[in-house]
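Let's take a walk through this one together, strands to begin with and aromatic rings after that.

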Amino acid sequence: MKSCKLLTFVGLFILSSCSDKIVGKWNIVRYEKGNPGNPDVKVQNIGTMTFKGNKTGEKEITFGILQNNISNSTPFNWSSTDNFITINENSEFGKTWVRVENKRSVQVLTSTNGKNIVQTLELRK
């Protein structure tokens, strides 16, 4: 009986330690887009992104820019490796991002369009 409990505990520990750090609900604390060091667009605290363990999620954003209010609630699918995360949805966030910082409480992601335009997305729990 003790062996069975020990094996169950070890199995649960291994499964929980293998989960991606991105799983959970994140506040979008910063989004920037533009030339490196001189972004054209810079917004803060614009909403949340939730990454579920089954590789689905939901983005809920609301912000104003140039007298336009933007609101978007969109489901998405995602996949990841140690260095990259791919968000599959039809918006500025739908692409492969490079993980610059990958911690349980902070995720900093960057992407480029190949024309010297860099996007930065900072997520915090």
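What follows covers some strand pairing, a surface patch and a set of ring contacts in a predicted model.

Start at strand β5, residues 68-80, which runs antiparallel to strand β6, residues 84-88, with 4 bridges joining the two. To get from β5 to β6 the chain makes a hairpin through 3 residues. If you want a spot to look at, N77 has N88 in β6 as its bridge partner. Now carry on to strand β7, residues 96-102: β6 pairs with β7 over 3 bridges, again in the antiparallel sense.

On that second pairing, F84 is bridged to V98 in β7. These two residues also turn up on the surface, where F84, V98 and V100 make a nonpolar patch with about 250 Å² of accessible area together. V98 itself has 36% relative accessibility, so it counts as partly exposed.

Then there are the rings: the structure holds 4 aromatic pairs. In one of them, F51 and W78 have ring centres 5.7 Å apart and planes at 85°, which makes the pair edge-to-face because that angle is over 60 degrees. This contact links distant parts of the chain, with F51 in strand β3 (residues 47-51) and W78 in β5, 27 residues apart. Both F51 and W78 are buried.

F93 and W97 are also edge-to-face, at 6.4 Å centre to centre with 80° between the planes. F93 is buried at 4% relative accessibility, and W97 is buried at 0%. Together with Y31, F93 and W97 form one aromatic cluster. Lysines sit over these rings: the charged end of K59 is over F93, 5.1 Å from the ring centre, while K95 lies over the face of W97 at 5.8 Å.

Technical notes: Residues numbered from 1 in each chain as written. Predicted model: local features only at pLDDT ≥ 70, side-chain atom pairs only at ≥ 80, totals over all residues. Heavy atoms only, no water. Pairing = 2+ DSSP bridges. Patch = residues over 30% accessible without salt bridge, like charges linked within 9 Å, V, L, I, M, F, W, Y side chains within 5 Å. Areas by Shrake-Rupley, 256 points an atom, 1.4 Å probe, with all protein chains shown as cover. Salt bridge = Lys/Arg side-chain N within 4 Å of Asp/Glu carboxyl O. Buried < 20%, exposed > 50% of the residue type's maximum accessible area, 1.4 Å probe, protein only. Phe/Tyr/Trp six-rings, centres within 6.5 Å; stacked < 30°, edge-to-face > 60°. Lys NZ or Arg CZ within 6 Å of the ring centre and 35° of its normal.
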